[in-house]
Amino acid sequence: MLCIVLLHSTMPYAIDGVRVIKYIHPFINWYPMTLFAIISGYWYKKRSFKELLYVFLWPCFLFSIINNVIGYYSHFPDYFERFLFKPGYAMWYLMALFLFSLATNWIRKRIGITGYLILVMIFGVAVGFFPIDNRYFDIQRISSLFPCFAFGVFLRNVFENKLIIWKQSTKVRVLCVMIIVLCILLNLVIIRIAPKMHVSMTAYYGLNMKVALAKWMMIIMRVVACTCLIILIPDKECWFTKYGSRTMNVYLLHAIPIFTICWGCLYNYRYEWYGLLTLFVGVPLLCTLFFSSPIDRFMKKILFSDYIKSIKKQGL
């Protein structure tokens, strides 16, 4: 989550074309988002349509309004032009989770887990052939991450059915670390010597088969690296965190300090030492406050957590 915050807090430098950002952003963007999608799929559970509306679309709608208002009055270039046909800043993932869950509910009623994974992969690849720009409902990014979500669902099914008996041996841990390092080094080499291969998840490839192959090779590499990371932390928690623990609070709230600080009061001072320090370090550290208990209690009220629990109990 902090990688996502860092990505967004340093976005002014990316738009400015700062060279070092092109090496940083692929790792603090696509690897964490791939990991988010896999973990979201891993912890997927069937919900009623009404519950999905409150869990995903209500916060998407609420914070789209908040982010749109703040974003419009910041220095963010052409804000409304960029977000005219999609949810507000960073809220696309809430819409994606709604669509992923809805589609998974429907598909899993009809076909097995392996067929589900294959079908979603075919869908994700197929969408990239259509020249539909990502500015329309984030369609390219969402379709690219749907297979990652489906892989998470598949991974959970594999572990629960004990088709893979996992032993936390030192050799396995070392192998996972080596694979992660290899993926990162390979990614850096590709960015350096063949930047055209580093196709964004938000880009369509049309009938260019080389670009299509490059995009999905990169996605597979990220899935492999993220799966190794999940294997290294199999019990859902480490000394510093637990999967999903108040992460959504940070995701929903982080755009507020980013717009007010990074795109607001410090935008014109972003190349001063204090501006650089604030955007790269200060804002991500500030957003860690959103993990706190008081914030969690506040967010549960505005996100109707008690009402959602009642819907779940009633089975609506």
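Is F304 buried, partly exposed or exposed? At 36% relative accessibility, F304 counts as partly exposed. The structure in the viewer is a predicted model, and the tour below begins with this residue and its partner.

**First stop: Y54 and F304**

Select F304 together with Y54. The centres of the two rings are 6.2 Å apart and their planes stand at 90°, so this pair is edge-to-face. Y54 belongs to helix α4, while F304 is found in the loop between α14 (293-302) and α15 (305-314); the pair therefore ties together parts that are 250 residues apart in sequence. Y54, with 25% relative accessibility, also counts as partly exposed.

**Second stop: Y44 and F149**

Across the whole structure, a search finds 33 aromatic pairs. For another of them, select Y44 and F149. Their ring centres are 6.2 Å apart and their planes lie at 75°, so this pair is edge-to-face. Y44 is located in the loop between α3 (21-42) and α4 (49-72), and F149 in helix α8 (residues 139-160), so the pair ties together parts that are 105 residues apart in sequence. Are Y44 and F149 buried or exposed? Both Y44 and F149 are buried.

**Third stop: the aromatic cluster**

Next, select Y72, Y73, F76, Y79, F80, F83, Y89, F259, W263 and Y267. Ring pairs link these residues into a cluster.

Now add N68, a residue of helix α4. With a relative accessible area of 17%, N68 is buried, because buried means under 20%. Which residues does N68 touch, apart from its neighbours within four places in sequence? N68 is in contact with Y79, F80, G88 and Y89. Among these, Y79, F80 and Y89 also appear in the aromatic cluster.

**Fourth stop: charges over rings**

Two arginines can be inspected here. Select R156 and Y42: R156 lies over the face of Y42, at 5.4 Å from the ring centre. Then select R222 and Y31: the charged end of R222 sits over the ring of Y31, and its distance from the ring centre is 6.0 Å.

**Fifth stop: a nonpolar surface patch**

Turn to the surface and select F61, I65, V69, Y72, Y73 and F80. These residues form a nonpolar patch, and together they have about 690 Å² of accessible area. Which element gives the most to the nonpolar patch? The answer is α4, with 4 residues. One of the patch residues, V69, is found in helix α4. V69 has a relative accessible area of 47% and is partly exposed. Y72, Y73 and F80 of this patch are also among the residues of the aromatic cluster.

**Sixth stop: I113 in helix α7**

Select I113, which is found in helix α7 (residues 113-129). I113 is buried, its relative accessible area being 13%. Leaving aside neighbours within four places in sequence, the contacts of I113 are R108, V153, F154 and N157. To follow the helix, add V127: I113 and V127 are 14 residues apart along the chain, and their C-alpha atoms are separated by 21 Å.

**Last stop: salt bridges**

Side chains of opposite charge can pair when their charged atoms come close. How many salt bridges does a search of the whole structure find? The search finds 6 salt bridges.

Begin with E51 and R47, whose side chains meet in a salt bridge at 3.4 Å, N to O. E51 is buried, with a relative accessible area of 5%.

Then select D138 and K86. Their side chains meet in a salt bridge at 3.6 Å, N to O. D138 lies in the loop between α7 and α8, and K86 in the loop between α5 (79-82) and α6 (92-108), so the pair ties together parts that are 52 residues apart in sequence. Both residues of this pair, D138 and K86, are buried; for D138 the relative accessibility is 1%.

Finally, add R141 to the selection. D138 forms a salt bridge with R141 as well, and the closest N and O atoms are 2.6 Å apart. R141, at 16% relative accessibility, counts as buried. With K86, D138 and R141 displayed together, the view shows a network of salt bridges that links these residues.

Definitions and conventions. Residues are numbered from 1 along each chain as its sequence is written. This is a predicted model: local features need pLDDT of at least 70, side-chain atom pairs count only at pLDDT 80 or more; totals for chains, interfaces and linings use all residues. Side-chain values use heavy atoms; hydrogens and water are left out. Rings of Phe, Tyr and Trp (its six-membered ring) pair if their centres lie within 6.5 Å; planes under 30 degrees apart count as stacked, over 60 as edge-to-face and the rest as tilted. Helices (H or I, at least four residues) and strands (E, at least two) are DSSP runs, numbered from the N terminus. Buried means under 20% relative accessible area, exposed over 50%, partly exposed in between (1.4 Å probe, protein chains only). A charge sits over a ring if NZ of Lys or CZ of Arg is within 6 Å of the ring centre and within 35 degrees of the ring normal. Patches are made of residues with over 30% relative accessible area and no salt bridge: like charges are joined within 9 Å, nonpolar side chains (Val, Leu, Ile, Met, Phe, Trp, Tyr) within 5 Å. Accessible areas come from the Shrake-Rupley method with a 1.4 Å probe; for residues, only the protein chains shown count as cover. A salt bridge is a side-chain nitrogen of Lys or Arg within 4 Å of a carboxyl oxygen of Asp or Glu. Contact means heavy atoms within 4.5 Å.
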